[in-house]
Amino acid sequence: MSIKSVFRLAFAGLVAAQVPMLSVQPASAQSTNLQAFECRQDDYYVTVAVRKNGTVSDPMIVWTTEEFSEAGFPPAKRCAEVTSRLNSAIAQNSGTLNGLYLTAGRVNGLPVICSVNNTRAGCNGNNVLFTLKRENNPNTVLEKLFSASGTGTPIQQSGGQNYVDLSKLVNQLF
């Protein structure tokens, strides 16, 4: 495993340690093009991208903390739900990662990471992937989590808002 992969895993685990869930949405894990996401367990629960040919990416998110287990969100549940939400976002985006972005915002006064299909959209109750602790600045978490992946950055700015190009991010993980 490369130093870059070790750093990415360590940082992703730190960020995921701060991730409770906001709400549960039904989601389809079907993706007709490119990749789908899976929740897998090795030493930890991880969210990975899987290509049609079976190639598995480095972890996108590592779910390690038990901090939210008492609230009903142990690592296994957070991993499964967020992975399902990512697959639902792909399905709602015509089965492709192209034009799909992650961004940060606030929903119900809580900091969140969400998926949007353009760089003018924001977070709302329908596109939340996961919630952060109240004290987290969601844009800072988004930058730190996803700028650590690969060479170059998948982060773009539009009107002062950060957006992560999900297609570029996933490609950097392989």
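How many Å² does the accessible surface of the protein come to, and what percentage of this surface belongs to carbon and sulfur atoms? In this predicted model, the accessible surface comes to about 8,200 Å², and carbon and sulfur atoms hold 48% of that area.

**View 1. Overall fold of the protein, with its 4 helices and 8 strands.** Read from the N terminus, the elements follow the order α-β-β-β-α-β-β-β-α-β-β-α. The protein has 174 residues, of which 49% count as buried. Among the contacts with a separation of 6 or more, 55% are made by residues 24 or more positions apart.

**View 2. The pair formed by Trp 63 and Phe 130, one of 2 aromatic pairs that a search of the whole structure finds.** The ring centres of Trp 63 and Phe 130 are 6.0 Å apart and the ring planes stand at 85°, an angle over the 60 degrees required, so the pair is classed as edge-to-face. Because Trp 63 belongs to strand β3 (residues 61-63) and Phe 130 to strand β6 (residues 128-131), the pair ties together parts of the protein that are 67 residues apart in sequence. Trp 63 and Phe 130 are both buried.

**View 3. The pair formed by Tyr 101 and Tyr 163, whose rings are edge-to-face.** Here the centres of the two rings lie 6.3 Å apart and the planes meet at 85°, so this pair is edge-to-face. Tyr 101 is in strand β4 (residues 101-107) and Tyr 163 is in strand β8 (residues 161-165), so that parts separated by 62 residues in sequence are tied together by the pair. Buried is the class assigned to both Tyr 101 and Tyr 163.

**View 4. Arg 51 over the face of Phe 174.** Arg 51 is placed at 3.9 Å from the centre of the Phe 174 ring.

**View 5. The largest nonpolar core, a set of 26 residues.** The members that touch the most other members of this core are Phe 37, Met 60, Leu 86, Leu 102, Phe 130, Leu 166 and Leu 169. At least two core residues come from each of β3, α2 (75-92), β4, β6, α3 (138-147) and α4 (166-173), and α2 gives the most, with 5 residues. A second core, separate from this one, has 8 residues, including Val 107, Val 112, Cys 114 and Cys 123.

**View 6. Helix α2 and its buried residues.** The 18 residues of α2 should span 26 Å at 1.5 Å a residue, and because the end C-alpha atoms are 26 Å apart, the expected span and the model agree. The buried residues of α2 include the nonpolar side chains of Val 82, Leu 86, Ala 89 and Ile 90, and Arg 78, Glu 81, Arg 85 and Asn 87 are also among the buried residues of this helix.

**View 7. Ser 94 and Asn 108, two loop residues with positive phi.** Ser 94, which comes just after α2, is found in the loop between α2 and β4 and has phi near 60°, a positive value in a residue other than glycine. Its relative accessibility is 63%, above the 50% cut-off, so Ser 94 counts as exposed. Asn 108 is found in the loop between β4 and β5 (110-116), and its phi is near 55°, again a positive value in a residue other than glycine. With a relative accessibility of 70%, Asn 108 therefore counts as exposed.

Definitions and conventions:
Residues are numbered from 1 along each chain as its sequence is written. This is a predicted model: local features need pLDDT of at least 70, side-chain atom pairs count only at pLDDT 80 or more; totals for chains, interfaces and linings use all residues. Side-chain values use heavy atoms; hydrogens and water are left out. Rings of Phe, Tyr and Trp (its six-membered ring) pair if their centres lie within 6.5 Å; planes under 30 degrees apart count as stacked, over 60 as edge-to-face and the rest as tilted. Buried means under 20% relative accessible area, exposed over 50%, partly exposed in between (1.4 Å probe, protein chains only). A charge sits over a ring if NZ of Lys or CZ of Arg is within 6 Å of the ring centre and within 35 degrees of the ring normal. A nonpolar core is a set of buried Ala, Val, Leu, Ile, Met, Phe, Trp, Tyr and Cys residues joined through side-chain atoms within 4.5 Å. Contact means heavy atoms within 4.5 Å. Accessible areas come from the Shrake-Rupley method with a 1.4 Å probe; for residues, only the protein chains shown count as cover. The expected span of a helix is 1.5 Å times one less than its number of residues.
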